[in-house]
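Visitor: I have a model in front of me and some terms to test. Could you take me through them, with reasons?

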Amino acid sequence: MQHAIISGIASYVPDDILDNEMLSHMVDTNDEWITTRVGIKERRILKEKGAGSSYLGIKAVSKLLADTGTPREDIDLLICATSNPDYRFPSTASVILHECGLKNAYGYDIQAACAGFIVTMQAARAYIESGLYKKIIVVCAEKMSSMTNYDDRATCPLFGDASAAVLVEPSSENLGVIDGEFHIDGTGLPHLLMKAGGSVAPASHHTVDAGEHFVYQEGRAVYKHAVSDMLSSSQNVMKKNGLTVDDIDWFVPHQANLRIIEAVGGRLKVPEDKVLVNIQHYGNTSAASIPLCLDEYKNKLHKGDKIVMTAFGAGFTWGALYLIWAINPK
């Protein structure tokens, strides 16, 4: 059986930093309030004129190809996970493919909100295990600032812009994606969404004036479901694969809120030194958060390390992925 392994990883964040002190001059907030509630100190913002999520994705994919020495013509498929597409159509994947010169690859977008990386990895796994494709790029590109209301003190401290990409290839070794569990519950719709801009409420003077083209979030409801669902899906994946906390080398949760990360890790009884966290520097980068975190810590990861990842996002959609790392640090 062929397993789908991550054979390369790269990420990109914009140069411009928006820290808590800067935010305090934009909206009624302060560093202590933000830090104690969500654990975020700063986030990166893409300010290049006319640049969208594809710009971020192109940077990450280009670095991935260079770092792995992969010829562009060898890529079969590119899947882009994003909640912030450049346009309603065409796909952001098509823009990245064109700009990166991936002429032999097909591509499409997946919209699974903050769970985008693990959901897309499950799709890549299926293609690899079936033998349909041999070299797949999973890229998560999120210009979260494009949907952030910087007059809303409850949500504007949360989000940052980033991208990350992985190369997924087949291997006969017992490595890569081993198992995953995924769920969706549409009753979460009212608690976390962008109210306008789709076919239900197309853009109009009214929707713009009402501020309905930004993230709307009911924090308490989202927090409650996120902790419960990330915990249960992680527990289920571990149980199905005979894993105890001692067997896991690393736990990588979606970087949405430090309190959520601590609550899930604490209830799983994962030691703090096994939980990978970088939310303080980047905030919530939606689908990009888990691969961005993996890339930041890649020099601590070794071939054979057992990793459990979990995420929760709008939909509500959530799940967990069990992966055995296939790359030794350089």
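Guide: Gladly. Start with the second largest pocket: 13 residues line it, and Ile261, Glu262, Glu272, Val275 and Val277 lie nearest its centre. Bear in mind that this is a predicted model.

Visitor: What makes a residue part of the lining of the second largest pocket?

Guide: A lining residue has an atom within 4 Å of a pocket point. In the second largest pocket, 13 residues line the space, Val275 being one of them. The space in this pocket comes to about 260 Å³.

Visitor: How do the residues of that lining divide into nonpolar, polar and charged?

Guide: Seven are nonpolar, two are polar and four are charged. Ile and Val count as nonpolar and Glu as charged. By that rule Ile261, Val275 and Val277 are nonpolar, while Glu262 and Glu272 are charged.

Visitor: On to the sheets. Which strands stand at the edges of the sheet S8-S13-S12-S11, and why are they edges?

Guide: Strand S8 (176-184) and strand S11 (250-253). Each has a single partner strand, so one side of each lacks a neighbour in the sheet. The sheet is open, has four strands and shows mixed pairing. Its neighbouring strands are turned by 10 degrees against each other on average, direction ignored.

Visitor: How do you know that S8 and S13 are paired?

Guide: Pairing needs at least two bridges found by DSSP. Eight bridges join S8 to strand S13 (residues 317-324), so the pair qualifies. The two strands run antiparallel. One of the bridges sets Ile184 against Thr317 in S13.

Visitor: Which helices pack on this sheet?

Guide: Helix H5 (residues 116-130) lies across S8, strand S12 (306-313) and S13, at about 130 degrees to S8. Helix H7 (residues 219-240) touches S8, S11, S12 and S13. The direction of H7 makes about 150 degrees with that of S12.

Visitor: What is the strand order in the five-stranded sheet, and what makes its edges edges?

Guide: The order is S1-S7-S6-S4-S5, in an open sheet with mixed pairing. Strand S1 (3-12) and strand S5 (106-110) are the edges, because each has a single partner strand and one side without a neighbour in the sheet. The twist averages 20 degrees from one strand to the next.

Visitor: How do you know that S4 and S6 pair?

Guide: Again the cut-off is at least two bridges. Strand S4 (residues 77-81) and strand S6 (residues 136-143) share five bridges, in the parallel sense, so they count as a pair. Cys80 stands opposite Val139 in S6. H5 lies across this sheet as well, touching S1, S4, S5, S6 and strand S7 (161-171), at about 165 degrees to S6.

Visitor: What makes the contact at the start of helix H2 a polar contact?

Guide: The limit is 3.5 Å between N or O atoms. A side-chain oxygen of Asn30 comes to within 3.2 Å of the backbone nitrogen of Glu32, so the pair falls inside it. Just after H2 (residues 31-38), Gly39 has a positive phi of about 80 degrees.

Visitor: Why is Ala113 worth a look?

Guide: Most residues other than glycine have a negative phi. Ala113 is not a glycine, yet its phi is positive, about 50 degrees. Ala113 sits in the loop between S5 and H5.

Visitor: Which peptide bonds are cis?

Guide: Two to note: Phe89 to Pro90, with omega about 5 degrees, and Gly315 to Phe316, with omega near -25 degrees. Pro90 is in the loop between S4 and helix H4 (92-100). Phe316 is in the loop between S12 and S13.

Terms used: Residues are numbered from 1 along each chain as its sequence is written. This is a predicted model: local features need pLDDT of at least 70, side-chain atom pairs count only at pLDDT 80 or more; totals for chains, interfaces and linings use all residues. Side-chain values use heavy atoms; hydrogens and water are left out. On a 1 Å grid over the protein atoms alone, a cavity is a set of points where a 1.4 Å probe fits but cannot get out, and a pocket is an open set with protein on both sides within 12 Å along at least five of seven lines; lining residues have an atom within 4 Å of a point. Grid points are joined across faces, edges and corners, and a volume is the space filled by probe spheres set on the points. Axes are lines fitted to C-alpha atoms, for helices over the stretch in contact, and angles run from 0 to 180 degrees between N-to-C directions. Contact means heavy atoms within 4.5 Å. A polar contact is a pair of N or O atoms within 3.5 Å; within protein, one must be able to donate a hydrogen and the other to accept it, and residues adjacent in sequence count only if both atoms are side-chain atoms.
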